[in-house]
Amino acid sequence: ASLDAAGVAQVISNISPAFAPFAQKFLDFACDGVFLASLSPEELDETLVDIGVTEKLQRRRIVIELTK
């Protein structure tokens, strides 16, 4: 949860090349670890949809990677 937005973006982009556009959105919206950790699971899911992660499977992959 202590990652800055660039660190969060790096985690996301490391999932696979298909996640790179999402990683850029985390940077664009300054979504750092502190912000993401403050969200309830429902709020996090809504935030990922707002960022453009429309596929539920992709949202789950991001959540898993961020909570490792």
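Me: In which hand does H4 pass H5 in its crossing?
Reply: This is a predicted model, so read every feature as part of a prediction. For a pair of helices, ask about hand, angle and contacts. Here H4 passes H5 in a right-handed crossing. The axes of H4 and H5 come within 10 Å and cross at roughly 120°. That makes H4 oblique to H5.

Me: Which residues of H4 and H5 make the contact?
Reply: List each side in turn. H4 brings Leu-44, Asp-45, Leu-48 and Val-49. H5 brings Arg-59, Ile-62 and Val-63. Two of these, Asp-45 and Arg-59, also form a salt bridge.

Me: How far apart are the closest N and O atoms of Asp-45 and Arg-59?
Reply: For a salt bridge, read the distance, then the place in the chain, then the exposure of each partner. The closest N and O atoms of Asp-45 and Arg-59 are 2.7 Å apart. This pair links distant parts of the chain, with Asp-45 in helix H4 and Arg-59 in helix H5, 14 residues apart.

Me: Is Arg-59 buried or exposed?
Reply: Use the relative accessibility; under 20% is buried. Arg-59 has 9%, so it counts as buried. Its partner Asp-45 has 31%, so Asp-45 counts as partly exposed.

Me: How many salt bridges are there in the count?
Reply: The count comes to three salt bridges. Once you have a count, look for residues that share partners. Arg-61, Glu-65 and Lys-68 are linked in a network of salt bridges. Arg-61 pairs with Glu-65, their closest N and O atoms being 3.1 Å apart. The side chains of Lys-68 and Glu-65 also meet, at 3.2 Å from N to O.

Me: Where do Arg-61 and Glu-65 lie?
Reply: Both lie in helix H5. They are four residues apart, about one turn of the helix. Now add the exposure. Glu-65 is buried, with a relative accessible area of 17%. Arg-61 is partly exposed, at 30%. Lys-68 is exposed, at 74%.

Me: Which residues touch the most other members of the largest nonpolar core?
Reply: To read a core, take its number of residues, then its best-connected members, then the elements that supply it. The largest nonpolar core has 16 residues, and Ile-12, Phe-26, Leu-36 and Ile-62 touch the most other members. The elements that give two or more residues to this core are H1, H2 and H4.

Me: What is Phe-26 in contact with, leaving aside its neighbours within four places in sequence?
Reply: Phe-26 is in contact with Ala-5, Val-8 and Ile-12, and also with Cys-31 and Leu-36. Leu-48, Ile-51 and Ile-62 complete its contacts.

Me: Which residues of helix H1 are buried?
Reply: For one helix, pick out the buried residues, then find what they pack against. In H1 (residues 5-13), the buried residues are Ala-5, Gly-7, Val-8, Ala-9 and Ile-12. They pack against helix H2 (20-28), helix H3 (33-37) and helix H5 (56-66).

Me: Where is the place of Thr-47, and what does Thr-47 touch?
Reply: Start with the element. Thr-47 is in helix H4 (residues 41-51). Next, exposure. Thr-47 has 15% relative accessibility, so it counts as buried. Then contacts. Not counting residues up to four places away in sequence, Thr-47 touches Phe-35 and Leu-39. Last, spacing. Thr-47 and Leu-36 are eleven residues apart in sequence, and their C-alpha atoms are 8.9 Å apart in space.

Me: Is Val-53, in the loop between H4 and H5, buried or exposed?
Reply: Check the value before judging a loop residue. Val-53 sits in the loop between H4 and H5. Its relative accessible area is 0%, so Val-53 is buried. Leaving out residues up to four places away in sequence, Val-53 touches Phe-22, Leu-48, Gln-58, Arg-59 and Ile-62.

Me: How far is Val-53 from Ser-38, C-alpha to C-alpha?
Reply: Read both separations, along the chain and in space. Val-53 and Ser-38 are 15 residues apart along the chain, and their C-alpha atoms are separated by 19 Å.

Note on methods. Residues are numbered from 1 along each chain as its sequence is written. This is a predicted model: local features need pLDDT of at least 70, side-chain atom pairs count only at pLDDT 80 or more; totals for chains, interfaces and linings use all residues. Side-chain values use heavy atoms; hydrogens and water are left out. Buried means under 20% relative accessible area, exposed over 50%, partly exposed in between (1.4 Å probe, protein chains only). Contact means heavy atoms within 4.5 Å. A salt bridge is a side-chain nitrogen of Lys or Arg within 4 Å of a carboxyl oxygen of Asp or Glu. A nonpolar core is a set of buried Ala, Val, Leu, Ile, Met, Phe, Trp, Tyr and Cys residues joined through side-chain atoms within 4.5 Å. Axes are lines fitted to C-alpha atoms, for helices over the stretch in contact, and angles run from 0 to 180 degrees between N-to-C directions. Angles under 35 degrees count as roughly parallel, over 145 as roughly antiparallel, 65 to 115 as roughly perpendicular and the rest as oblique. A crossing is left-handed if the near helix is turned anticlockwise from the far one by less than a right angle, and right-handed if clockwise.
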